[in-house]
Structure formats: structure tokens, C-alpha cells
Amino acid sequence: MLELQNISFDVAEETALGSEQKEILNDISLTIEDNTFVVITGPNGGGKSTLAKIIAGIEKPTAGRILFDGKDITSLNVTDRAKAGISFAFQQPVRFKGIQVLDLIRLAAGRRLSTADACQYLAEVGLCAKDYINREVNASLSGGELKRIEIATVLARSTRLSVFDEPEAGIDLWSFQNLISVFEKMRARIHDSSIMIISHQERILEIADKIIVLNDGRIAANGTKEEILPTLIGTASAVEACKVLTDK
Amino acid sequence: MLQIKEIDEIQKRLLMEVADLHEVPEGAYNIRANGEAAARNTTANIDIISKEDGSGIDIRIKPGTKKESVHIPVVLSKSGLKEVVYNDFYIGEDSDVIIVAGCGIDNCGSQDSQHDGIHRFYVGKNAKVKYVEKHYGSGNGTGKRLLNPGTEVHMDENSTMEMEMVQIKGVDSTKRETKCDLKAGARLVVHERLMTHGTQDAYSIYNVSLDGDGSSADVVSRSVARDKSYQKLDMCILGNAACSGHTECDSIIMDEGRILAVPSLEANSTEAALVHEAAIGKIAGEQIIKLMTLGLTEAEAEEQIINGFLK
């Protein structure tokens, strides 16, 4: 379904000695097959979010090609990639003054969903629909509520590929339990589609088909859950995951 | 009661834009078209009387009138027409009414068309008023469409007034001045929505005087300045008693638009609690990107963000 060929991404970084190129991703090649649930993990600053943004078209790679269903989409912008069948849930969801939850879900679905249908997506992410459907997607919503609404917009799109950037970030432990069940349900329903999640959470790693470990801009490991997960427990990235959890 | 006169298609369209009127409204109404009264209806509780000097109308609402509405839209479809109209509203004690005003100008000609409507409200004790005012311009002539509404609101004890002021499209130049004074326990809520484009300019000036203990005002303006348009938002609340006041100017600036926001507060009593907020900025890039990830183009995303903001 998705193939990354030799993707690199550099940014210019200002230093005391002037501007220098900093490498964020280096020669990443990977394939995501149909009907798989892939988790990308690894230490913070390893390039995970950048990789997700490159797939969604928000960042352009410095080098390399991206193929989606065999078609080269490297030069496509965000809109065209969304239309081609890629969805992206932001790590920090965006707020909008005046736009209601219902509006956002309708925009995501690309059609004038009935309120009842839109509510269905909210129910799936564990929000009581009648309390939220007419709320504005603004600062009055908590981080956890926004994250769920963000996930609901991706569900409403139901595209070939859904990419979630750290869905657990900013969510309290109580909400996190519910979130896991949302992803478990999505995992069970994969059909002609694939899910890619950036996560540090063991519970999410446990429902993966495949795990890719990104470290320092390179792929440190790539394999099935059975192959990769045992190597992560107790390692630096797992410690990092625990730290993230205790920080919350 | 007057019979409804001929109203042309353009005027019908304008009426729809400014007053959501598809046909003759229920309740009391006075429709003014091209400088003349086109239709009027009064009810047992609401009387509409032309001023003797012909400069406008008096709307008299009897005390205790509940759940009734008054529509007083004005439409201009003739190029070069200039008029100043004075409408005075006397809202009786304990009444609860909706007043819908609005002005639509269609100017296809080369001369300027101008409507200056001065509305004065005398809101009686314990009365509750919802006031909706929409302004709209259309037509592709070189003549300008000018609207200069003046609004005066005098609120008696424990009265409530909720004002919705909307000007979204097509008015070349506007200077809107709103002055309010509130007695004890009176409550004023204003929601203004303003969008300017092309080379339009708009001045919106509010002066709210909280004179009685327990009075309160919440004046919120959301505006968008596109192209080369200019806006000045000048919102002043004076606290002269144990009162609470809040103003908020929240603006989006695009293209080469310019906005000057001047929120101001004046406290003349130690018991006055006054707050102002003002923010001007372009549409956040991440908002556009989020909507693009849902499949909207950049232009569609901008449109949605503005529509939501001005909703």
C-alpha cells in the first residue's frame, strides 16, 4: 500500500557558527502492506513525527520517493494526498473558533452527514455525542477531548491509510484505557486499509502486526510484533515510554 | 394599514439577505423600499407611526407585550439614492420582543447610494429585547454602497437587550456608531460580525455607559479584513457604578487588509469590574493544514475557517 524509498529529511539549523544542515531522517525505506496495523516507536527526537508528516505531505522530503498504491505521490500536496486516501491525526489537534464538532466531522466525511451519523463517530471514540456535537472545537475543550475528536475525524474519513501521531500524548491515564479499546476495535475492523500509529505505549505495541523502531533518523529495527516487542522491553525506548507515562 | 406595493426581484433578494424574509412577515412590519414605505402592518400591541415631518417612524410596543416581533427592513435598488431615516423604538415595561432591522443596497449604477439609519431604543423596565441588524450590499456598478447606522440604546432598570449586528458583504463604506446607557440591573449583550473586502473601509464605534449598580455589558466583535480593506474597531465601556463590563475584539487579517482595534475602559467607580481583550492575526497555518488533511484545498480551508469564525 505505502512504500517509502530512501527518504531523507534535513533542516537548516542556526548555530553560533552560522547555518548548518541537520539530518532528521536518513535514507528511510519501508513498506506498509495492506490490512496491517503498524506501530512506529523509538526515542523522542528520533524522527517519528517528521516521518508521519512526510507521509501526509505536510513536510517535503529532501530526498527519496513515496509510492501509494503503486503511484508516486512524492510531489502531491496535502490536499491531493488526503484525496488519494491518506488520513492524518495530529499529535496536537488544532483548535478553531466557531467551527463546531459536527462541522468538522462533516468536512472530514466529505458529505453532509446526518447528525445521528456524525454522533456515531463520537460514540466510537468514547464521547457522549449529544454533549459534544454542537460544541465549538475551541479552547473550551480539554486536550483529551480534542484528541478524541481528532481521531473521530479520521474515522469519519475511513481512508485506505490512517496515520496517528502519538494519540496517547496529552491524555490522562483514565482516558488512555478507553483509547486503547478504540484502537483495538479499529484493529479488528481493518479491511482494505492499514493503520500506522506513532506510539510509545506498550499496550498499543501489543496490538501491532508490525513494529518499526526509529532511532536517530534511521530504522533501528523493523519486523513483526513477535520479533521486535521482546527486544524493546527494558531497553532505552521502553524506559522512555515509562518516563512519558509517569510524566503525565 | 398600507397595502403592499410592487417590490421587484432585486428588492426581494435584498429582503431575503437582510431580514431572512421570503414573503410578508408575521407580526408588525414596515418595509421601506427606495425611500418610500412599501408595506406596513401593525398589531394590537405594536404600533408603527410615521413621523409628521416624514423623517422616519416611531415604533411603540405596549407594556407587557410578549413573544411578538417587528421587522423593519430597508432596501435600496436605485442608484444615487441618499436618505437619512430616524426610527424610534419605545419598548414598554415587561415586554419580550424580537426586532429585526437591516438594510440592503443594490447599486448597479454609477452614483453612490447611501442609507443612514438612526435607531433609538428606549427600553422599559424589565423589558427583554432581541435586536438583529444585518447589512448587505450588491450590484456591480461603480457607484458606492454606503451605510452609516447610528444606534442609541437607553436601558431602564433590569431590562435586557441582546444585539446581533452583522455586515458581511458588499458595503463599500460604513461608519457604525452605537451608544448605550444602562440603569441599575440592566444587561446588554452585543455580538458584532464584520467582514470587509476590496477597498472597503468600516468604522465600528461602541460607547457603553454602565450607570446603575448591577448593570452589565458584554460587547464581542469578530471581524475579517480581506484584500485592501480597512477597519477601525473602537470599543469603550465606562463603569460608573458597581457594574461589570467586558469587550472583546477578535480579528482575522488577510491579504493587504488593515485593522486598528482600540478597546478602552474607563472606571469611575471602585466597584466597576471591567475587562477588555483584543487580538488580531492571520489564519493560523496549522488550521489550514488540518483542513487540507481532510481533503479541502487551501482556498476551501480558508473559507471554512472564516465562515466558522463569523458564524
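1. Helix α1 (residues 48-56) of chain A is largely enclosed by the rest of the structure, because nine of its nine residues are buried. The model is a predicted one. The buried set includes three residues at the start of the helix, A:Lys48, A:Ser49 and A:Thr50. A:Leu51, A:Ala52, A:Lys53, A:Ile54, A:Ile55 and A:Ala56 are buried too. Two lysines, A:Lys48 and A:Lys53, are thus among the buried residues of α1(A).

2. What follows the helix? A:Gly57 sits just after α1(A). A:Gly57 takes a positive phi of about 90°.

3. Next, the contact between the chains. Chain A gives 20 residues and chain B gives 16 residues. On the chain A side, the elements that give two or more residues are α2 (78-84), β6 (86-89), α3 (101-109) and α6 (143-157). Of these, α2(A) provides the largest share, four residues. By type, the chain A side divides into eleven nonpolar, five polar and four charged residues.

4. Now a loop residue in chain B. B:Ser229 lies between β16 (216-225) and β17 (230-239) of that chain. Is B:Ser229 buried or exposed? It counts as buried, because B:Ser229 has 24 C-beta neighbours inside 10 Å, and the cut-off for buried is 20 or more.

5. Which residues does B:Ser229 touch, leaving aside those up to four places away in sequence? They are B:Thr196, B:His197, B:Gly198, B:Thr199, B:Gln200, B:Asp201 and B:Gly257. B:Cys180 is 49 residues from B:Ser229 in sequence, and their C-alpha atoms are 28 Å apart.

Technical notes
Residues are numbered from 1 along each chain as its sequence is written. Chains are lettered from A and ligands numbered from 1 in the order in which they are written. This is a predicted model: local features need pLDDT of at least 70, side-chain atom pairs count only at pLDDT 80 or more; totals for chains, interfaces and linings use all residues. Two residues are in contact if their C-beta atoms, placed from the backbone, lie within 7 Å. Ala, Val, Leu, Ile, Met, Phe, Trp, Tyr, Cys and Pro count as nonpolar, Asp, Glu, Lys and Arg as charged, and the others, Gly among them, as polar. A residue is buried if 20 or more other C-beta atoms lie within 10 Å of its own, exposed if 12 or fewer, and partly exposed in between; C-beta atoms are placed from the backbone.
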